[in-house]
Amino acid sequence: MKVYLKEIEFRKLIASILFLTIVSCSNSSAYKENIPISEVYEVPDGLPSKETSKESKKSVINSGQKFNQLKIIKTGTLKLKVKNVKETTKRIKGITEGFNAYIANLKYVNTSYQKENTFKIKVPKEYFDVLLDSISNYADIIDQETINTQDVTEQFVDVTSRLETKLQVKERYESVLRKQAKTVEEIIYAEEKLGSIQEEIEAAQGKLKYLSDRVAFSSINVILYEEIPYKEVKIQQKTFWSKSKKGFSFGWNLLESIVLVFVHSWSILLLVIVGILLYRNRKRV
């Protein structure tokens with residue numbers, strides 16, 4: 001009878017934790033990314049009190065208050081006509097070091113009419129505008145200058161609130177595993193739930209890190225090009241002497257090739273001559 005009562009208490013505790021997870025997640029703002037949510041299982045009788053649900057709601061609200069500042073991802077694009085692509089690229093590389101920036105990708109293309117260098121600069125967000133203006137100063141003509149912004153504050157708040165909820169649920173399951181779980185089935189069940197929640201926690205932490213990196217470092221896409229002046233190629237008309245010279249040269253090369261063919265095939269010629277002589281001697285006899 002005591003074992004049966006313990007099993008009922010354990011199931012009630014598990015049900016309370018699951019209900020807390022569902023209530024907390026439902027009160028958080030809609031998350032635009034596919035961060036997994038704790039699975040919903042069949043919940044037996046014995047739901048938690050209203051006070052527990054209120055505490056969970058307060059936790060979600062407090063997590064949103066941590067992000068008073070907007071989280072903005074900035075991306076800029078510059079297309080500049082310059083006098084010398086290589087020299088301008090060298091100067092831009094020099095000034096990026098002063099802003100703790102670095103060049104992520106670089107592609108150089110050289111054609112008969114244009115030289116072009118395309119690269120991406122990753123710069124701390126506080127230096128984005130200054131570096132953008134500094135690069136523009138090297139241009140003879142600014143063909144394109146655009147700045148795009150993406151507000152990810154809502155995603156930060158949402159992922160953080162979900163992460164805090166999952167961490168609280170993880171602590172409760174760990175407490176259950178240490179203090180309440182007695183049978184093998186109870187221990188396995190609690191460990192499976194812990195493993196699932198841990199995967200969701202790591203996914204949320206990875207998403208936060210990705211967003212933090214993109215907010216901390218803005219991107220500037222730079223296209224430098226230099227026009228190459230068109231040069232008209234004059235076709236020289238051939239004179240009679242140049243044509244005659246080329247004809248003599250061609251005839252000599254042809255004669256030389258024929259002689260070399262005979263030289264390389266001397267063994268075959270020798271066999272042919274010997275064969276002819278033997279054939280004549282035999283015919284006479």
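This report walks through the fold, one helix pair, a surface patch and a few single residues of the protein above.

The model is predicted, so to speak of its local features a pLDDT of at least 70 is needed, side-chain atom pairs count only at pLDDT 80 or more, and totals for chains, interfaces and linings use all residues. Residues are numbered from 1 along each chain as its sequence is written, and side-chain values use heavy atoms, with hydrogens and water left out.

**Overall fold**

You will find eight helices and five strands in the protein. Helices (H or I, at least four residues) and strands (E, at least two) are DSSP runs, numbered from the N terminus. Read from that end, the order is α-α-β-α-β-β-α-β-α-α-β-α-α. Of the 285 residues, 31% are buried; buried stands for under 20% relative accessible area, exposed for over 50%, and partly exposed for what lies in between (1.4 Å probe, protein chains only).

**A helix pair**

Two packed helices are described by the angle between their axes and the distance between the axes. Helix α5 (residues 153-180) and helix α6 (residues 184-216) have axes that come within 9 Å and cross at roughly 155 degrees. That makes α5 roughly antiparallel to α6. Here, axes are lines fitted to C-alpha atoms, for helices over the stretch in contact, with angles from 0 to 180 degrees between N-to-C directions; angles over 145 degrees count as roughly antiparallel, under 35 as roughly parallel, 65 to 115 as roughly perpendicular and the rest as oblique.

V169 lies in helix α5. The C-alpha atoms of V169 and K193 are separated by 9.8 Å, and the two residues are 24 residues apart along the chain.

**A nonpolar patch**

On the surface, F250, L254, I258, F262 and L269 make a nonpolar patch of about 500 Å². Patch residues have over 30% relative accessible area and no salt bridge; like charges are joined within 9 Å, and nonpolar side chains (Val, Leu, Ile, Met, Phe, Trp, Tyr) within 5 Å. A salt bridge is a side-chain nitrogen of Lys or Arg within 4 Å of a carboxyl oxygen of Asp or Glu. Helix α7 (residues 240-264) gives the largest share of the patch, four residues.

**Single residues**

N100 is not a glycine, yet has a positive phi of about 55 degrees.

| Residue | Place | Relative accessibility |
|---|---|---|
| V169 | helix α5 | 2%, buried |
| F250 | helix α7 | 59%, exposed |
| N100 | loop between α3 (85-98) and β2 (102-110) | 53%, exposed |

Conventions. Accessible areas come from the Shrake-Rupley method with a 1.4 Å probe; for residues, only the protein chains shown count as cover.
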